[in-house]
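Biologist: Before we discuss any details, could you put the sequence and the model in front of us, and then take my questions one at a time?

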Amino acid sequence: MTVTSEQRFGEFVAVRRHEGLEYVAELVLDRPKAMNAVSTEMARSLAAACDALAADPDARVTVLTSSSERAFCVGADLKERNSFTDAELVRQRPTARAAYTGVLDLPMPTVAAVHGFALGGGFELALACDVVVADATAVVGLPEVSVGVIPGGGGTQLLPRRVGAARAAELIFTARRVAAPEARELGLVDVLVDAGTDREEALALGARMAAHSPVGLRAAKRALRLGHGLDLRAGLEVEDAAWRSVAFSGDRAEGVAAFNEKRKPQWPGE
């Protein structure tokens with residue numbers, strides 16, 4: 001797969017584009033020597049990369065990947081944290097939160113490509129994505145209570161939305177690590193693939209999504225996210241608002257025209 005462009009955000013985060021995948025942005029966690037442990041610098045870079053992607057009209061789908069062979073991400077950089085005073089930890093907290101919410105708030109569909117360890121904040125980054133593709137080597141979990149804290153990147157809120165309150169409680173309270181087959185069975189990951197193919201499969205899935213209307217994709221994500229947890233009538237109002245945002249768009253007009261003319265749509269993205 002040929003990289004056509006790369007934009008660096010600090011030392012540890014990159015956004016890459018690939019030949020044949022013009023509308024898929026690959027957001028790369030690139031601190032392999034530390035298995036992508038999220039330091040303050042890396043958190044700041046990840047937030048900046050997400051800000052740039054959110055404003056990029058050509059990024060129809062974002063795929064979150066890892067350059068480490070051993071891990072997707074092992075969570076917070078505990079070596080760095082060990083050196084913090086209480087005051088420094090308080091000051092660092094908004095930076096850490098911005099990294100996780102940056103991924104969560106991306107307006108386009110997001111796919112995580114997970115292999116090896118995805119623990120603590122690393123698994124929370126995957127949970128912040130819409131779809132999680134994991135290979136057979138993946139081991140996921142939220143072990144924070146084992147080191148005296150709790151999930152702080154959205155885990156206590158995102159995990160129960162995936163697997164239900166009781167299952168999330170069991171996983172968080174026991175701090176246990178879950179291997180790929182059980183993770184798929186429990187719904188912790190969505191697609192299970194052969195070892196070493198998570199990135200390839202996630203990018204291919206992203207390409208299938210990116211073939212569709214960028215206006216439609218973002219509106220559908222908005223309806224899914226905002227409607228989750230609401231009662232049915234309130235959820236239908238959220239859906240109606242999202243429908244109205246696309247019903248009179250250039251993408252809708254092009255999609256209907258292309259269907260009737262039996263051709264591939266050329267989405268204007270507006």
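The exchange below goes from the overall build of this predicted model to its strands, its cores and its salt bridges.

Biologist: How many helices and strands does the protein have, and how does its radius of gyration stand against the globule rule?

Modeller: The model is a predicted one, and the protein in it has 11 helices and 11 strands. The globule rule gives 18 Å for 270 residues, which is close to the value for this protein, so the protein is as compact as a globular protein of that length. The C-alpha trace spans about 60 × 45 × 40 Å along its principal axes, and the radius of gyration is 19 Å.

Biologist: What share of the contacts in the protein between residues at least 6 apart in sequence joins residues at least 24 apart?

Modeller: Contact here means heavy atoms within 4.5 Å, and the pairs taken into account are those at least 6 apart in sequence. Of these contacts, the share that joins residues at least 24 apart is 64%.

Biologist: What percentage of the residues is buried, and how much of the accessible surface belongs to carbon and sulfur atoms?

Modeller: A residue counts as buried when its relative accessible area is under 20%, and by that cut-off buried residues make up 48% of the 270 residues. The accessible surface of the protein comes to about 13,600 Å², and the part of it that belongs to carbon and sulfur atoms is 55%.

Biologist: Which strands pair with strand 6, and in which sense, parallel or antiparallel?

Modeller: Strand 6 covers residues 110–114, and five of its five residues are buried. On one side lie T110, A112 and V114 and on the other V111 and A113, so that both faces of the strand are covered. T62 stands opposite T110, while A112 has V132 as its bridge partner and V111 has V131. The pairing runs over three bridges with strand 4 (residues 61–66) and over four bridges with strand 8 (residues 131–135), and the sense is parallel with strand 4 and parallel with strand 8.

Biologist: Which residue of strand 11 stands opposite A134?

Modeller: A134 belongs to strand 8, where it shares one buried side with V132, while V131, V133 and D135 are buried on the other. Strand 8 and strand 11 (residues 191–193) pair in the parallel sense over three bridges. Within strand 11, the residue that stands opposite A134 is L192.

Biologist: Which element gives the most residues to the largest nonpolar core?

Modeller: In soluble globular proteins, nonpolar side chains tend to be buried together. In this model the largest nonpolar core has 49 residues, and those with the most contacts inside it are L27, L46, F72, V114, L125, L159 and L188. With six residues, the element that gives the most to this core is helix 1.

Biologist: Which residues does L159 touch, and how many residues are in the other core that lies apart?

Modeller: Leaving aside residues up to four places away in sequence, L159 touches F123, L127, L142, G164, A168, L171, I172 and L188. Another core, with V24, A202, L205 and A210 among its members, lies apart from the largest one, and its size is 15 residues.

Biologist: How many residues apart in sequence are R31 and D77?

Modeller: A search of the whole structure finds 15 salt bridges, and one of them joins R31 to D77, with the closest N and O atoms 2.9 Å apart. R31 lies in the loop between strand 3 (21–29) and helix 1 (40–54), whereas D77 lies in the loop between strand 5 (71–73) and helix 2 (78–82). Both residues are buried, and their separation along the chain is 46 residues.

Biologist: Why does R263 count as partly exposed and E254 as buried?

Modeller: R263 forms a salt bridge with E254, the closest N and O atoms being 2.6 Å apart, and R263 also meets E261 in a salt bridge. Buried means under 20% relative accessible area and exposed means over 50%, with partly exposed in between. E254 is therefore buried at 14% relative accessibility, and R263 is partly exposed because its relative accessibility is 34%.

Definitions and conventions
Residues numbered from 1 in each chain as written. Predicted model: local features only at pLDDT ≥ 70, side-chain atom pairs only at ≥ 80, totals over all residues. Heavy atoms only, no water. Salt bridge = Lys/Arg side-chain N within 4 Å of Asp/Glu carboxyl O. Helix = DSSP H or I, 4+ residues; strand = E, 2+ residues; numbered from the N terminus. Buried < 20%, exposed > 50% of the residue type's maximum accessible area, 1.4 Å probe, protein only. Pairing = 2+ DSSP bridges. Rg over C-alpha atoms; globule rule 2.2 N^0.38 Å. Areas by Shrake-Rupley, 256 points an atom, 1.4 Å probe, with all protein chains shown as cover. Core = buried A, V, L, I, M, F, W, Y, C linked by side-chain atoms within 4.5 Å.
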